[in-house]
Amino acid sequence: MTDQPRPGGLGTIGASTVARVGYGAMQLFEATPDEATAVLRRAVELGINHIDTASFYGPGEVNRRVRAALAPYPEDLVIVSKVGARYTGEQPIPLAAAQRPAELRAAVEDDLRQLGLDCVPVVNLRRMDLGPGVAAEGDQVVDVDDQLAEMIALRDEGKIGAIGISAVPLDVLRRALPAGIACVQNAYSLLDRSQEETLRVCAAEGIAWVPYFPLGSSFPGFPKVADHPAVAEIAGDLGVTGAQVGLAWLLGHTPNTLLIPGTRSVAHLQENVAAGDVTLSAAALERLDAAGTTEPQPHGVEPFQR
């Protein structure tokens with residue numbers, strides 16, 4: 001770890017220390033190669049050392065862009081991937097389930113080859129238990145214990161450093177805990193806190209909480225955080241954006257939260273990083289805490305994975 005300032009301060013994911021504001025690379029598939037390189041290199045310059053990707057972003061193109069921009073990688077860079085889906089290119093959702101143990105292994109091998117790594121520091125098992133997204137059907141309905149056995153084997157072989165899990169309800173997380181879980185990626189935001197109990201378990205177990213849709217989504221059941229009146233008013237008072245308020249709230253809510261907001265714009269990247277410096281007053285926090293709901297949300301379908 002260098003002395004370079006880390007956006008949002010320091011957190012941990014598995015055995016690694018990372019900036020609490022990281023970067024989600026999914027949108028780089030929609031960027032030009034030059035745009036992708038500019039965003040990735042600026043992220044590292046700003047102190048980000050946690051980058052989230054997957055071999056089914058593209059497919060493989062996002063991984064290749066990460067490698068082209070950043071290899072040879074900074075010593076403390078933590079690249080996190082995920083397995084459990086495959087790219088199809090079909091619409092409206094260009095993904096299909098790839099939940100079988102052999103498919104999980106093949107996806108890790110894709111990561112290693114595309115990223116040019118001997119070991120992926122963290123790999124998330126992306127389950128299909130929670131919406132939105134692709135449903136698992138037929139032989140794609142796989143018991144989590146069988147999947148974790150393959151993930152543990154990959155870890156024992158040194159192909160992955162740590163195991164994460166994504167899109168899982170609390171009962172599945174509890175079943176996974178004996179495997180040694182480094183992080184959980186579930187949908188969560190200031191306004192949608194239906195996974196609050198799962199978050200509390202992660203905090204108690206020392207597991208990194210890495211929310212996706214942290215600012216909501218245009219899809220049903222994911223209200224846009226920046227559109228909430230309390231968020232907009234507090235942002236105006238502070239002279240920041242509603243998105244920055246939403247990200248700052250997440251950082252302040254629990255210390256085990258790590259953020260991976262995605263963008264293909266350097267300007268937007270810098271705005272996200274600056275959220276790590278936003279300080280919310282006790283009065284603002286009280287208003288924001290009251291804005292969310294822990295009730296399950298009627299989630300619709302999602303776009304290009306989480």
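## A tour from helix H2 to the cis prolines

Begin by selecting glutamate 61 and arginine 65, which are four residues apart in helix H2 (residues 61–70) and are therefore separated by about one helical turn. The model on screen is a predicted one, and every stop on this tour should be read with that in mind. Show the two side chains as sticks, and you will find that glutamate 61 and arginine 65 meet in a salt bridge, at 3.0 Å from N to O. Glutamate 61 is partly exposed at 24% relative accessibility, whereas arginine 65 is buried, with a relative accessible area of 12%. Add Arg64 to the selection, since Glu61, Arg64 and Arg65 are linked in a network of salt bridges.

**Two salt bridges between separate parts of the chain**

A search of the whole structure finds 16 salt bridges, and two more of them are worth selecting in turn. Select arginine 100 and aspartate 139, whose side chains meet in a salt bridge with an N to O distance of 3.0 Å. Arginine 100 lies in the loop between strand S7 (95–97) and H3, and aspartate 139 in the loop between strand S8 (122–126) and H4, so this pair ties together parts that are 39 residues apart in sequence. Arginine 100 is partly exposed, with a relative accessible area of 32%, while aspartate 139 counts as exposed at 54%.

Next, select arginine 175 and aspartate 145, where another side-chain salt bridge is found at 3.0 Å, N to O. Because arginine 175 belongs to helix H5 (residues 170–176) and aspartate 145 to helix H4, the pair ties together parts that are 30 residues apart in sequence. Arginine 175 is partly exposed, with a relative accessible area of 40%, and aspartate 145 is partly exposed as well, with 39%.

**Where H3 packs on H4**

Stay with H4 (residues 144–156) and bring helix H3 (residues 101–115) into view: the two helices pack at an angle of about 35°, with their axes 9 Å apart, and H3 passes H4 in a right-handed crossing. Which residues should be drawn as sticks to see how H3 meets H4? On the H3 side they are Pro101, Leu104, Arg105 and Val108, and on the H4 side Asp146, Gln147, Glu150, Met151, Ala153 and Leu154. The residues of this contact divide into six nonpolar, one polar and three charged.

**Into the nonpolar cores**

From that contact, centre the view on methionine 151, which, leaving aside its neighbours within four places in sequence, is in contact with Val83, Leu104, Val123, Leu125, Ile160 and Ile163. Methionine 151 is also among the residues with the most contacts inside the largest nonpolar core, a set of 78 residues in which Tyr23, Val66, Ile165, Val184 and Leu280 share that distinction. Helix H8 (residues 242–253) gives the most to this core, with six residues. A second, separate core has 12 residues, including Ile13, Val18, Val80 and Val122.

**A buried loop residue**

Move along the chain to leucine 259, in the loop between H8 and helix H9 (266–274). Is leucine 259 buried or exposed? Its relative accessible area is 1%, so leucine 259 is buried. Leaving aside neighbours within four places in sequence, leucine 259 is in contact with Arg20, Val21, Gly22, Tyr23, Pro211, Leu247, Leu250 and Leu251.

**Backbone stops**

Most residues other than glycine have a negative phi, and most peptide bonds are trans, so the last four stops deserve a look at the backbone. Alanine 167, which is found in the loop between strand S9 (163–166) and H5, has a positive phi near 60° and is buried, with a relative accessible area of 0%. Phenylalanine 213, in the loop between strand S11 (208–209) and helix H7 (229–238), likewise has a positive phi, of about 50°, and counts as buried at 14% relative accessibility.

Finish on either side of H2, the helix of the opening stop. A cis peptide bond joins glycine 58 and proline 59, with omega about 5°, and proline 59 lies in the loop between strand S4 (50–52) and H2. The peptide bond from alanine 71 to proline 72 is also cis, with omega near -5°, and proline 72 is found in the loop between H2 and strand S5 (78–83).

Key:
Residues are numbered from 1 along each chain as its sequence is written. This is a predicted model: local features need pLDDT of at least 70, side-chain atom pairs count only at pLDDT 80 or more; totals for chains, interfaces and linings use all residues. Side-chain values use heavy atoms; hydrogens and water are left out. A nonpolar core is a set of buried Ala, Val, Leu, Ile, Met, Phe, Trp, Tyr and Cys residues joined through side-chain atoms within 4.5 Å. Buried means under 20% relative accessible area, exposed over 50%, partly exposed in between (1.4 Å probe, protein chains only). Contact means heavy atoms within 4.5 Å. Axes are lines fitted to C-alpha atoms, for helices over the stretch in contact, and angles run from 0 to 180 degrees between N-to-C directions. A crossing is left-handed if the near helix is turned anticlockwise from the far one by less than a right angle, and right-handed if clockwise. Ala, Val, Leu, Ile, Met, Phe, Trp, Tyr, Cys and Pro count as nonpolar, Asp, Glu, Lys and Arg as charged, and the others, Gly among them, as polar. A salt bridge is a side-chain nitrogen of Lys or Arg within 4 Å of a carboxyl oxygen of Asp or Glu.
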